[in-house]
Amino acid sequence: MSAHDCSGDCPIARRAFLRDATVFAAALVAAGLAPRGAGAAPSPIRALSREAADVRYPIPAKDGVRFDDDNEVILVRSAGKVYAFALSCPHQNTALKADPAGSGGFYCTKHESRYKPSGEFISGRATRNMDRLAIRRDGNAVVVNVDKWFESDSEPTQWASAVVTV
Ligand code: FES
């Protein structure tokens, strides 16, 4: 999984796409061609540090969702579990948003897929759960490998194991 030889539909390619889109949007704002706040992503969480593909985050103190746009990670604490997800929708790479209905889950604006806080697919056009990133506990932090992800349909055991119990 660490080798990257795909042509497009994977988190690495999606991260590159989202990074390019973010740079483009920032350029539009800087040039005065887009209103500030248009399409703005939720507030990012500050990562403690990053070494190669590993990003460390403090364990969230309570249930909630944080978007780390720099690393394209969604970090979730829900019901005693911490998960890290790829920011992009597994269907066609659109950046996921917090569910506007307030469920604590996620919503894709492109084709209206909905997901639980655990990343499980609820409805919409997607065909699998949100992609989970490899995560492990290290003291009072979790370490997320942003280059190692699991897809629920092709790697169900690894996907189910990509969680830290707190
Ligand atoms: S891109 Fe998200 S449901 Fe299609």
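**Exercise 1.** Identify the bridge partner of Ala-98 in E7, and place the two strands in their sheet.

*Solution.* In this predicted model, Ala-98 has Phe-106 of E7 as its bridge partner. Next, consider the strands themselves: E6 and strand E7 (residues 106–107) run antiparallel and are joined by 2 bridges. The wider setting is an open sheet of 4 strands, in the order E6-E7-E8-E9, with antiparallel pairing. Strand E6 (97–98) and strand E9 (121–123) each have a single partner strand and stand at the edges, so one side of each is left without a neighbour in the sheet.

**Exercise 2.** Determine where Asn-93 is found, what its phi is, and whether Asn-93 is buried or exposed.

*Solution.* Begin with the location: Asn-93 lies in the loop between strand E5 (81–86) and E6. Its phi is near 75°, a positive value in a residue other than glycine. For comparison, most residues other than glycine have a negative phi. Finally, Asn-93 has 23 other C-beta atoms within 10 Å; the cut-off for a buried residue is 20 or more, and therefore Asn-93 is buried.

**Exercise 3.** Carry out the same steps for Glu-112: its place, its phi, and whether Glu-112 is buried or exposed.

*Solution.* Glu-112 belongs to the loop between E7 and strand E8 (114–115). The phi of Glu-112 is near 60°, again a positive value in a residue other than glycine. Around Glu-112 there are 11 other C-beta atoms within 10 Å. A residue counts as exposed at 12 or fewer, so Glu-112 is exposed.

How values were computed
Residues numbered from 1 in each chain as written. Predicted model: local features only at pLDDT ≥ 70, side-chain atom pairs only at ≥ 80, totals over all residues. Pairing = 2+ DSSP bridges.
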